[in-house]
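Dear colleague,

I am handing over the structure we spoke about, and what I found in it follows below. Please read the notes with the model open beside you.

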Amino acid sequence: MNKSTTFLPTLMPMLRLAWKKAWFRYVSFGVVLAALPLIPGMTSSNATILGSVVYFSIAALGFQVLLGYSGQISLGHTAFIGVGAYVSGYIVKELGLPFPLAVLAAAVLPFILGLVLGLIALRLEGYYLAIATLGLAESIRIVFIEAHGFTRGFSGFFSNYPRVLGYQFNKGSTYVFMVAILVALMILVYNFINAATGRALAAMRSSQSAAQAMGVSLFKYKLMAFAISTGFAGIAGAMYMHFFRYSDPTIWNSGLSLNLVVACIVGGIASIEGAVIGAAFVVAMPELLRIVPGLGSINGASFVLSGVVIILVLLFYPGGLVNVASDIGKLRSRLSKGSKHPERSTEYVAE
Amino acid sequence: MLPNKSILKVEHLSISFGGLKAVDDLSFEIAQNQIYGLIGPNGAGKTTVFNCITKFYTPDSGNAWFHTKQGKTVNLVDHKVHDIVGLGMVRTFQNVELIKELSILDNLLIGAHSQFKTGVLAQSFRLRKAVLEENEYRTKARSIIEYMGLGGKDAELVGGQPYGTLKRIELARTLMSNPKLIILDEPAAGLNGTETQALAGLIKQIRIDFNCSVLLVEHDMTLVMGVCERICAISFGKKLAEGTPTEIRNNQSVQEAYLGKDE
Ligand SMILES: Nc1ncnc2c1ncn2[C@@H]1O[C@H](COP(=O)(O)OP(=O)(O)OP(=O)(O)O)[C@@H](O)[C@H]1O
Ligand SMILES: [Mg+2]
């Protein structure tokens, strides 16, 4: 008791200072996320859902770079997740190569695929990227079905938890590993978004004329954002393959592509945290619906609800769920103003 | 092609939209360190000239020879729109083009975009060279904000600033690119008399402090006559006259073009 009272006053300012650093916030978030499965009473199936949230967060983070930061849309991103999954699975299981190499390849191959597709589709103005990705995704899904030697088709591709330098991961440690990858990618994205690249993207979204006049090549930045998003999708796929240890072509459907759009908009457009919150939303919602009696048995109920929520958010809460905490804070300070805690409200204003 | 004492030489520039000849065989030449005015009634084609030499439009014919800050002579017509600023020519827009969601400081940093050498990877990993570069331009941006009389507003959002301030931010942004020639499309539009007077002084000061030339399009004749050393007057895309402010003021066809339009 005595110890903590002398310890806290010195620790708090330090923490407050560190909290200003994005990497510290993201690492703290990662620690909490990684510890969630340890909560007493956490079932194995809940831990699996958490894994789903984390892998999908990685894909949504990349998609945020595309949709939120560069202002473009893709309707077939799930194909790139699938490519990452199969490529990483194949490299480890069939070629017997190390897991880190598989993750690298799972990032690089979709990245190159994104570059090539972008080089073709982005030359044309308008919604060509959306249409091109939609088309490519369907072709890739057919490859997933037909390229039996590579994907095992509908029989499904089975793989194992990762093995790195003789250390065999289990479900729990694979989950922690995924969280670490997510946090690392969040920090990387934060860094380039808050540097010249992020400003160029912001300029491109807000005034194409200003961006061009200041030397921003729209083509280059659109292409870069697209390739980053496909690369992240590939990494997400590799995570999926080595956490769920299974993949088949039905998983990589167009509904999952739409879920990326939903995640970024509902979570909060052009927000790193928003991508993660949105990913949690799209993964958790069907699970929650399953609990609701009656609704769970309706096919596509979560799909319909996704549509409704996206419209509600766009109309009434365009900043997305990421703003909930700060909006509640503002509301509280407004409510307390002039009533119970006048001194506290001035403190809020000063900030 | 382009004498050493010149910074820009526009030669036989033409562009038409449908049947309309917006710029018609226009030629003019700007000397190093000169403040040059381009005037003309509404719809004369002034903004279109800017759009042609900055490659927002590709002219149907003609050249725009330019002495780049790298010391080469190039035809701007052969370059891409986003390469122009890197060569040393930077523009503002008649309808102020700023990034409202960003701070004044960030808007200025966008003006330095062409100067940045580090790429997305170096920025992602916050490599030393990327951090140093970022800090270098932040310092520069702060000093230019100060120079423009906007000191202390670095962190304020651009959206919601008064119009005069927006005009100033846009002018400040041009200075971040280390330009040889700044081209301003109606810098005094929307400003009151005092603000316009301050702007005239500022433009002259910028020419000295940043060692560059200025080309400006303007309707405000006190500004044009007050700061420009040479003026080119156009109407319906064609050159009417070129000369010193006094010559332009006394020119018969210029007077007719303006009187014919106004009242
Ligand atoms: N993209 C375009 N498409 C069609 N017509 C255009 C285009 N840009 C300019 N014009 C036409 O070219 C002519 C010249 O326009 P411009 O904007 O260059 O005039 P301006 O001299 O800048 O006029 P103001 O003083 O009103 O700004 C106008 O008739 C205009 O309608
Ligand atoms: Mg104009």
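How many bridges join strand E7 of chain B to strand E8 of chain B, and do these strands run parallel or antiparallel? In this predicted model, strand E7 (residues 181–185) and strand E8 (residues 213–217) of chain B run parallel and are joined by 5 bridges. Within that stretch of the sheet, Leu184(B) stands opposite Leu216(B) in E8(B).

Both strands belong to an open sheet of 6 strands in chain B, with the order E6-E7-E8-E3-E9-E10 and mixed pairing. Because E6 and strand E10 (238–243) of chain B each have a single partner strand, they stand at the edges, and one side of each is left without a neighbour in the sheet. From one strand to the next, the twist averages 15°.

Two helices of chain B should be viewed together with the sheet. Helix H6 (residues 163–175) packs on the sheet and touches E6 and E7 of chain B, its direction making about 160° with that of E7(B), while helix H7 (residues 193–209) lies across strand E3 (35–39), E7 and E8 of chain B, running at about 135° to E3(B).

As for the metal, the magnesium ion (ligand 2) has as its protein donors Thr47(B), through OG1, and Gln94(B), through OE1, which lie 1.9 to 2.1 Å from the ion. The pair links distant parts of the chain, 47 residues apart, since Thr47(B) sits in helix H1 (residues 46–53) of chain B and Gln94(B) in the loop between strand E6 (89–91) and helix H3 (104–111) of chain B. Thr47(B) counts as partly exposed, at 26% relative accessibility, and Gln94(B) is likewise partly exposed, with a relative accessible area of 30%.

With best regards

Technical notes. Residues are numbered from 1 along each chain as its sequence is written. Chains are lettered from A and ligands numbered from 1 in the order in which they are written. This is a predicted model: local features need pLDDT of at least 70, side-chain atom pairs count only at pLDDT 80 or more; totals for chains, interfaces and linings use all residues. Side-chain values use heavy atoms; hydrogens and water are left out. Donors are N, O and S atoms within 2.8 Å of the metal (3.2 Å for Na, K and Ca); water is not among the atoms, so sites may look incomplete. Helices (H or I, at least four residues) and strands (E, at least two) are DSSP runs, numbered from the N terminus. Buried means under 20% relative accessible area, exposed over 50%, partly exposed in between (1.4 Å probe, protein chains only). Two strands pair if DSSP finds at least two bridges between them. Axes are lines fitted to C-alpha atoms, for helices over the stretch in contact, and angles run from 0 to 180 degrees between N-to-C directions. Contact means heavy atoms within 4.5 Å.
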